[in-house]
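Trainee: I would like to learn how to read the features of a structure that is new to me. Could we go through it one feature at a time?

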Amino acid sequence: MADETSQHRPGTRPLSPATPLALFSWALYDWANSSFATIIQTFVFAAYFTRRIADNETLGTTQWGNAFSAAALIIAIGGPVLGAVADQAGKRKILLGVCTLVCVTATGLLWYIRPGGSGVWPALLLVGVATVGFEYAGLLYNAMLPDLVGKERMGRWSGWGWGLGYAGGLASLILALVVFVDSPVAWFAFDREQAEHVRATFPLVSAWFLLFSLPLFLFTPDRASSGQTWPEAAVNGLRQLAASARNIRSYRHIVRFLVARMFFIDGLATVFAFGGIYAAGTFNMNEQQILYFGIGMNVTAGIGAGLFALLDDHLGGKAIIILSLVGLLTCGTMILLASTAGLFWIFGLLLGIFIG
């Protein structure tokens, strides 16, 4: 809704077709931010929090879930406002840069969260702030694509960016495993009793995210400024949201889409937030095993993203979503019924295809 009005608003103009370098730089941002989703949200920090920081795993799982629920509420309330402001101002990359730096900074500070119960609330606060920055940045990042390519290539580039994201998650997990967590060579003099070999992966994510996001800011074009100040853009953005709400009956198809998306995205968010915790608690996986599992899931998810990106332009997004949801429900149910680590691995890797 908001994007349609912004496409014809005086003061901004749609961009001309982006160059291959600009599009690759846009997709590379997914390579950059996926390190946060894999190492912090899902496979490493989540398990580290419940096992090493919280008083016990049950309480830690509850606290982790509550922190993500609070972050989700902030994202749900602020996301539409942020999107409307960005549409009005026309300068998405400035806000994207701020949100990226918020996530990068909060993630880097996780290094200081040592084992023991005293770090519970600082850990949850930092992860919550980083998650809000990460999700807001993702909102702005995704909104850039319609200005860069035509509809006939949007599904392809969206899928390729998503697939590159899984490749980035995979590469960062391998680097974390080989250099820090399970290295046969002592690259650094880590104090393992203080979990420094695990904690070092958190500033790794921060540096990875910052480094590989730079090409987007350097080479990918942004919408022209509308000439509005940020306060003016905020006021006009709120007016735009209010107008959309008053005319919501005219956007029934979009409302249905958003309601459906809310349910399945919340389901995926739960998988991401608790995947590593479930593996650690149910099948007693250690940090190395969780990283190996994460690497495997990123491989299958990358395959799924690339495959369905090609199918999307031919079959349409709706057919791909329905197929993916059937696969997610089937594999997710089998994971819950799995009684051995082997079955968990099999259906977890299959699940990755449909997550991608």
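Mentor: What follows is a walk through salt bridges, surface patches, backbone angles and a few distances. Keep in mind that this is a predicted model.

Trainee: Let me start with charges. How many salt bridges does the structure hold?

Mentor: A salt bridge is read from a side-chain nitrogen of Lys or Arg within 4 Å of a carboxyl oxygen of Asp or Glu. The structure holds two of them. One joins R51 and E57, with 3.8 Å between the closest N and O atoms. In the other, the side chains of R92 and D147 meet at 2.9 Å, N to O. That pair links distant parts of the chain, since R92 belongs to helix 5 (residues 92–108) and D147 to helix 6 (residues 120–148), 55 residues apart.

Trainee: Are R92 and D147 buried or exposed?

Mentor: The cut-off to use is relative accessible area: under 20% is buried, over 50% is exposed, and anything in between is partly exposed. R92 has 2% relative accessibility, so it counts as buried. D147 has a relative accessible area of 7% and is therefore buried.

Trainee: And why do R51 and E57 count as partly exposed?

Mentor: R51 is partly exposed because its relative accessible area is 27%. E57 is partly exposed because its value is 35%.

Trainee: Next, the surface. Which residues form the positive surface patch?

Mentor: For a patch of charge, look for residues with over 30% relative accessible area and no salt bridge, like charges being joined within 9 Å. Here R249, R252, R256 and K318 form the positive patch. Take R256 as an example: its place is in helix 11, which covers residues 252–283. R256 counts as exposed because its relative accessibility is 58%.

Trainee: Which residues form the nonpolar patch?

Mentor: The nonpolar patch on the surface is formed by L21, L101, L210, L211, L214, L218 and F219. Together they have about 670 Å² of accessible area.

Trainee: Which helix gives the largest share of the nonpolar patch?

Mentor: Helix 9 does, with five residues. L210 is found in helix 9, and with a relative accessible area of 37% it is partly exposed.

Trainee: What else can I read in helix 9?

Mentor: Look at T201, in helix 9 (residues 201–219). The side chain of T201 reaches the backbone oxygen of V198 at 2.6 Å. T201 has a relative accessible area of 0%, so it is buried.

Trainee: Now the backbone. Why would someone pick out a residue by its phi?

Mentor: Most residues other than glycine have a negative phi, so a positive value is worth noting. A195 is a case: its phi is positive, near 60 degrees, and it is not a glycine. N284 is another residue other than glycine with a positive phi, about 55 degrees.

Trainee: Where do A195 and N284 lie?

Mentor: A195 lies in the loop between helix 7 (151–181) and helix 8 (196–199). N284 has its place in the loop between helix 11 and helix 12 (287–315).

Trainee: Is each of them buried or exposed?

Mentor: A195 counts as buried because its relative accessibility is 0%. N284 counts as exposed because its relative accessibility is 60%.

Trainee: Last, distances. How should I read a separation along the chain beside one in space?

Mentor: Take the two values for a pair and read them together. F68 and W345 are 277 residues apart in sequence, and their C-alpha atoms are 25 Å apart in space. I265 and D222 are 43 residues apart along the chain, with 27 Å between their C-alpha atoms. For F190 and F180, 10 residues apart along the chain, the C-alpha separation is 8.7 Å.

Trainee: Where in the structure are F68, I265 and F190?

Mentor: F68 lies in helix 4 (residues 57–89), and at 16% relative accessibility it counts as buried. I265 has its place in helix 11; at 28% relative accessibility I265 counts as partly exposed. F190 lies in the loop between helix 7 and helix 8, and at 24% relative accessibility F190 counts as partly exposed.

Methods
Residues numbered from 1 in each chain as written. Predicted model: local features only at pLDDT ≥ 70, side-chain atom pairs only at ≥ 80, totals over all residues. Heavy atoms only, no water. Patch = residues over 30% accessible without salt bridge, like charges linked within 9 Å, V, L, I, M, F, W, Y side chains within 5 Å. Areas by Shrake-Rupley, 256 points an atom, 1.4 Å probe, with all protein chains shown as cover. Lys, Arg positive; Asp, Glu negative; His and termini not counted. Charge placed at Lys NZ, Arg CZ, Asp CG, Glu CD. Helix = DSSP H or I, 4+ residues; strand = E, 2+ residues; numbered from the N terminus. Buried < 20%, exposed > 50% of the residue type's maximum accessible area, 1.4 Å probe, protein only. Polar contact = N/O pair within 3.5 Å; in protein donor to acceptor, adjacent residues only side chain to side chain.
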